[in-house]
Amino acid sequence: MRRRSLLAGVAGGGALALAACGGMPVQAPRTGAPLRRLGFGSCMDQKRPQPLWDVVLGAGCDLLVFGGDNVYVDQPATPAAIERAYAQAAELPGLARVRATVPHLATWDDNDYGPNDGDASFAHKQASKDAFLRFWRVPADDPRRGREGVYHAASVGPPGRRVQVLLLDDRWFRSPWRRTDQRDAPGRERYLPDADPGKTLLGEAQWAWLAQQLREPAQLRFIVSGIQVLATGHGWESWSLLPRERQRLFDTIAHAGAGGVVLLSGDRHFGAFYRETEGVPYPLVEMTASGWTHTWAGVREAGPNRLGEPYTGLHFGVADIDWDRRELALGLVGQDGAMARRLALGFDALNVRNASA
Ligand SMILES: [Fe+2]
């Protein structure tokens, strides 16, 4: 059965199978074949022009990750507004072609979860999850249906060349942010860091799941978070607002002995690379790719951890893996299909373990 053959060697690959459910041929990675190009994007307003889907279709991604804000729900975020947003997205022909032909995975951020900057208190989160599971055609036997939130893991590729994708849920369990005292002041735009030990970003169940997943064998591990993890120095939503939770993420990676971690995030309406060298088991790198349909040309960000300037054209991200040369190249692909930004990283710098040459 074709659907099953796609899943050989794929742990937690139910969402990969969904790409085969659309009734059209699927450009899936060959069974057990190493992943060579992963695509990643976020921030897709279904009511705006959609110029990137043909670029994505031509990019040859073996797997495409939707990193949140995959639709924009009108406020207030009622169940009807959520349903309407997904119904509008389902009508987009370019996105439909992508969803029918490119294996893909998804998590959410605030705009598809529901309320702007939303947290665990959202009253309609179960209705939102139901809509998410329907739109992304999550199979009936998927573990996400038996637990809270939408966090999920999938692995692709053979032993020695395996890629793990860990999709976090940064909304369902999250405690409230601490509000700013100086709205729009640089570094304090909306929220302030909060060291309250009672506050959580992932919630205990998701933390336990993540710690266990990071012990699964993989050479490269893409941890997907709707909001930024490594970026500091701004007061928009990010893991920096809960510094204890941010450090817990680094410690969880360290305690699991997990090499090859690369962070992927969205939410900010521009693209950029970041690197953190403090409090981490090895220098961690993040690619923010945020702008399927709209970006923020006027972004100002102190960005002490940012590498280079933000990219504010429409874009999506790619991660190109050269298993023979032991190199990972992160890139931001613009509307013209050209690579607007690129960051090449050797496997050794990423602490990749036991990769087969
Ligand atoms: Fe967002």
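These notes walk through the main packing and pairing features of a predicted model.

1. **The core.** Start with the largest nonpolar core, which has 91 residues. Within this core, V65, V165, F222 and V262 touch the most other members. In soluble globular proteins, nonpolar side chains tend to be buried together.

2. **V65 as an example.** Leave out residues up to four places away in sequence, and V65 touches L38, G39, F40, H104, L105, V165, V224 and L264. V165, one of these contacts, is also among the four core residues that touch the most other members.

3. **Helix α5.** This helix covers residues 93-101. Which of its residues are buried? They are L95, V98 and R99. These residues cover an arc of only 95° around the axis, so they lie on the same side of α5. Their packing partners are two helices and two strands: α3 (53-57), α4 (79-90), β2 (63-66) and β3 (104-106).

4. **Helix α8.** Residues 204-213 form α8, and its buried residues are Q206, W209, L210 and Q213. Their arc around the axis is only 100°, which puts them on the same side of α8. The face turned away from that buried side carries the exposed residues E204, A208 and Q212. Cover for the buried residues includes β4, β5 (163-167) and α9 (243-256).

5. **The seven-stranded sheet.** Seven strands make an open sheet with mixed pairing. Their order is β4-β5-β8-β9-β11-β10-β12. Why is one side of β4 and of β12 left without a neighbour in the sheet? Both stand at the edges, β4 at residues 152-156 and β12 at 306-311, and each has a single partner strand. From one strand to the next, the twist averages 20°.

6. **Inside that sheet.** Strands β9 (residues 261-265) and β11 (residues 284-288) run parallel and are joined by four bridges. Here L263 stands opposite E286 of β11.

7. **V285.** This residue lies in strand β11. Is V285 buried or exposed? The cut-off for a buried residue is 20 or more other C-beta atoms within 10 Å. V285 has 21 within that distance, so V285 is buried. Not counting residues up to four places away in sequence, V285 touches V262, L263, F273, R275 and L345. V262 is another of the core residues that touch the most other members. V285 and I227 are 58 residues apart along the chain, and their C-alpha atoms are separated by 14 Å.

8. **The β13-β14 hairpin.** Strand β13 (residues 315-322) runs antiparallel to strand β14 (residues 327-334), and eight bridges join them. I321 has L328 as its bridge partner in β14. Four residues lie between the strands of this hairpin. R326 takes a positive phi near 55°.

9. **The β14-β15 hairpin.** β14 also pairs with strand β15 (residues 339-346), in the antiparallel sense, over seven bridges. L332 stands opposite R341 in β15. This hairpin has four residues between its strands. What phi does G337 have in the turn? It is positive, about 85°.

10. **Where to look.** For the core, begin at V65 and its contacts, including F40 and L264. For the sheet, begin at the parallel pair β9 and β11. For the hairpins, begin at β14, which pairs with β13 and with β15.

Methods: Residues are numbered from 1 along each chain as its sequence is written. This is a predicted model: local features need pLDDT of at least 70, side-chain atom pairs count only at pLDDT 80 or more; totals for chains, interfaces and linings use all residues. A nonpolar core is a set of buried Ala, Val, Leu, Ile, Met, Phe, Trp, Tyr and Cys residues joined through C-beta atoms within 7 Å. A residue is buried if 20 or more other C-beta atoms lie within 10 Å of its own, exposed if 12 or fewer, and partly exposed in between; C-beta atoms are placed from the backbone. Two residues are in contact if their C-beta atoms, placed from the backbone, lie within 7 Å. The arc is that of the directions from the helix axis to the C-beta atoms. Two strands pair if DSSP finds at least two bridges between them. Axes are lines fitted to C-alpha atoms, for helices over the stretch in contact, and angles run from 0 to 180 degrees between N-to-C directions.
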